[in-house]
Amino acid sequence: ITWTIATAVILLFVGAASYQVLGSPYVAATENNQLDAEQEPMEIQVYGQRYNWEFVYPEQDVSSTNTMVMPADRPVRLNITSRDWLHAFHVPGMGLKQDAFPGQSNSIVTRADETGTYQLYCAEYCGSGHSQMLGEVDVRSEEEFQAWVQEQQSGSSGGNSSSAE
């Protein structure tokens, strides 16, 4: 009887803790209607390609390579795809992982609560340069993010940039 009661208590504790995490619209696969109604997610197109990552910000008309810059405290939708073969977008420090298939877009909606730099890498073996397919996610305050966007727009022709700094 003791083993049964102890197991039941542990399972109830794990279930309650899991429900709090999986009930978040930023963790579970949900539609926009469950996200913050006051703030539409910012879009970032993520392209995996032969041993690097490209990030396109359609609303801001800028891009970067191997460093994704995103604002903190704001929902962000990452549309992840591949330009050549299978890759996997993985940012363990933010709990993000999604496959990148050619011709198909997979989305993740996330929201970073803390600024900082997080390691990004390809989690799917993609050839001889796979181990060099590294990048980072730079989470900045909204003001720092807007300053970065303005710097990228003014510092290059056509509004696109190949670096994140």
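In strand β10, Val137 is the bridge partner of Tyr118. This pair belongs to the ladder between β9 (residues 116-122) and β10 (residues 134-140), which is antiparallel and counts six bridges. The model described here is predicted.

The β9-β10 ladder is part of an open sheet of five strands. The strand order is β4-β10-β9-β6-β7, and the pairing is mixed. The edges are formed by β4 (67-71) and β7 (96-100), each of which pairs on one side only. From one strand to the next, the twist averages 20°. Helix α2 (residues 142-154) packs on this sheet and touches β4 and β10. The direction of α2 makes about 130° with that of β4.

Strand β6 (residues 87-91) has five of its five residues buried. Both of its faces are covered. His87, Phe89 and Val91 lie on one side, with Ala88 and His90 on the other. Two partners flank β6 in the sheet order, β9 and β7. The pairing with β7 is antiparallel and runs over five bridges. Within β7, Ala100 is the bridge partner of His87. The two strands form a hairpin with four residues between them. Gly95, in the turn, has a positive phi of about 70°. Towards β9, the pairing of β6 is also antiparallel, with two bridges. Here His90 has Tyr121 of β9 as its bridge partner.

A second group of five strands forms an open sheet in the order β3-β2-β1-β5-β8, again with mixed pairing. The edge strands are β3 (62-65) and β8 (106-110). Each has a single partner strand, so one side of each is left without a neighbour in the sheet. Neighbouring strands are turned by 20° against each other on average, direction ignored.

Two hairpins lie in this sheet. In one, β1 (42-49) and β2 (52-57) run antiparallel and are joined by five bridges. Gln49 has Asn52 of β2 as its bridge partner. Two residues separate the strands, and Tyr51 takes a positive phi near 70°. In the other, β2 and β3 run antiparallel over four bridges. Val56 stands opposite Ser63 in β3. This hairpin has four residues between its strands, and Asp61 takes a positive phi near 60°. On the β8 side of the sheet, β5 (residues 76-82) and β8 are antiparallel and share five bridges. Arg77 has Val109 of β8 as its bridge partner. Helix α2 also lies across β1, β2 and β3, running at about 95° to β3. Contacts of α2 are thus found with strands of one sheet, β4 and β10, and with strands of the other, β1, β2 and β3.

The chain as a whole has two helices and 10 strands. Along the sequence, the elements follow the pattern α-β-β-β-β-β-β-β-β-β-β-α. Of the contacts with a separation of 6 or more, 59% are between residues 24 or more positions apart. Of the 165 residues, 41% count as buried. The accessible surface comes to about 9,200 Å², and carbon and sulfur atoms account for 52% of it.

The largest nonpolar core has 32 residues. Ile44, Tyr57, Met68 and Phe89 have the most contacts inside it. Phe89 is one of the buried residues of β6. Leaving aside neighbours within four places in sequence, its contacts include Val46, Trp53, Phe55, Met68, Leu78 and Ile80. Leu96, Lys97, Gln98, Leu120 and Tyr121 are also in contact with Phe89.

Confidence varies along the chain. The average pLDDT is 82, and 82% of the residues score at least 70. Over residues 28-34, the pLDDT is below 50. Beyond near neighbours in sequence, this stretch has six contacts in the model. Residues 157-165 also stay under 50. For that stretch, the model has 31 contacts beyond four places in sequence.

Methods. Residues numbered from 1 in each chain as written. Predicted model: local features only at pLDDT ≥ 70, side-chain atom pairs only at ≥ 80, totals over all residues. Heavy atoms only, no water. Pairing = 2+ DSSP bridges. Axes fitted to C-alpha atoms, helices over the stretch in contact; angles between N-to-C directions. Contact = heavy atoms within 4.5 Å. pLDDT = per-residue confidence, 0-100. Core = buried A, V, L, I, M, F, W, Y, C linked by side-chain atoms within 4.5 Å. Buried < 20%, exposed > 50% of the residue type's maximum accessible area, 1.4 Å probe, protein only. Areas by Shrake-Rupley, 256 points an atom, 1.4 Å probe, with all protein chains shown as cover.
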